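User: I would like to learn how to read pockets, burial and helix faces in a structural model. Please give the general idea of each feature before turning to the case at hand.

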Amino acid sequence: MSPVFLLLVHTDPQQVKRLLRRLASVGRCFVHVDAKSDLSDFRIEDPRVSYVHDRVDVRWGAVSQVDATLRLMRAALAGCEASQVSHFVLLSGNCYPVRPLEEFGAYSRSHAGMNFIKMIPLASTRKLHERIRHFWFYQDLPVDGRKFTLVRLARGLLQLAGKLGRRSLSLFPQWHFGSQWWALNPEAVGYLVSHPLEEPVKRFLRFSKAPDEIYFHTLLAHSPLRHSVKRVSGSGVWDAANLHLIDPSLSRWFHAADYEEIVASGSWFVRKVGSEASGDLCDMLDDIDDDLVAEQNRKTA
């Protein structure tokens, strides 16, 4: 058994290719490239790496994130033998391994019955509850990063109006929230991709904020697998991080100067790194893996 890596990517092909070359050494990789990006920019020639062709135009904070993830999960289930998979590990192109991947493969195999996904009840804080209680419009009026556009103005006005209303939350007695980046075993992934309420839940979450941090967590919380999901307290994805080191700012890019902090965290992956900001850091993290391989070779000799 080995882990299978699922990647959602949209930018920085150089960093994505570097990550794929690392990951493919221990497990299969399946990649969803945002439909707005050129797929060929992210390709590497490796039989262990497959690319989703039925791609989604992914919009920040929108339900299209859920659609892209589900397509990635279905492609992975169709493309490998589930009985040989310990976990499907969801990553972005800006994630990077902190500890040796051979050790992660062993860890994944020894915890094959576990699902690495934590959740926080949305009703535990008003700010979290607003993600589903009010109306948000990230899918229909997408974020494009510019400081001012008519689309941004319209979205802001509609969201202001949306806060005056209250939505019915009848689909589930309690909704949950957590980090987008999880590791699920084949049983959990199979359950999620065949859920009978997929379309109703996605329709409801079309007008929520960051549904990729709600959809999978809520379905699993109300599933026969609910006892394999860990409930935690907090108010942010850093509180519900699974295998990752995630900075509470969500905007911090890690650099070589952060190496000691990253290693001391004990996390398996770090987010965020990029080809420009973090090249030296990735070199240092690669050395950890190289040192393990050298040590194993010495023992074998």
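**Reading pockets and helix faces**

Analyst: Let us begin with the largest pocket, which has 44 lining residues, with Trp60, Gln65, Gln180, Glu213 and Arg271 lying nearest its centre. On a 1 Å grid over the protein atoms alone, a cavity is a set of points where a 1.4 Å probe fits but cannot get out, whereas a pocket is an open set with protein on both sides within 12 Å along at least five of seven lines; lining residues have an atom within 4 Å of a point. The model is predicted: local features need pLDDT of at least 70 and side-chain atom pairs count only at pLDDT 80 or more, while totals for chains, interfaces and linings use all residues. Residues are numbered from 1 along each chain as its sequence is written, and side-chain values use heavy atoms, with hydrogens and water left out.

User: What volume does the largest pocket have, and which element supplies the largest share of its lining?

Analyst: A volume is the space filled by probe spheres set on the grid points, which are joined across faces, edges and corners. For the largest pocket this is about 1,300 Å³. Helices (H or I, at least four residues) and strands (E, at least two) are DSSP runs, numbered from the N terminus. Strand E1 (2–9) and helix H4 (126–133) each supply at least two lining residues, and the largest share, four residues, comes from H4.

User: How do the lining residues of the largest pocket divide by class?

Analyst: Ala, Val, Leu, Ile, Met, Phe, Trp, Tyr, Cys and Pro count as nonpolar, Asp, Glu, Lys and Arg as charged, and the others, Gly among them, as polar. The lining of the largest pocket has 16 nonpolar, 14 polar and 14 charged residues. In the second largest pocket, with about 170 Å³ of space, the lining has six nonpolar, three polar and two charged residues. Among them are Tyr107, Phe116, Lys230 and Trp268.

User: Why does glutamine 65 count as buried or exposed?

Analyst: Buried means under 20% relative accessible area, exposed over 50%, and partly exposed in between (1.4 Å probe, protein chains only). Glutamine 65, in helix H2 (residues 64–79), counts as buried because its relative accessibility is 15%. Contact means heavy atoms within 4.5 Å. Leaving aside residues up to four places away in sequence, glutamine 65 touches Leu8, Val58, Arg59, Trp60, Gln180 and Asp212.

User: How should the faces of a helix be read?

Analyst: An α-helix has 3.6 residues a turn, so residues three or four places apart point the same way. In helix H1 (residues 13–23), the buried residues are Gln15, Val16, Leu19, Leu20, Arg22 and Leu23. They lie on the same side of H1, because they cover an arc of only 160° around the axis, the arc being that of the directions from the helix axis to the C-beta atoms. On the other side of H1, Gln14 and Arg21 are exposed.

User: Which residues of H7 are buried, and what do they pack against?

Analyst: In H7 (residues 198–205), Glu198, Val201, Lys202, Phe204 and Leu205 are buried. Their arc is only 160° around the axis, which puts them on the same side of H7. The buried residues of H7 pack against H2, H4, helix H6 (186–193) and helix H8 (215–221). One of them, phenylalanine 204, counts as buried at 11% relative accessibility.
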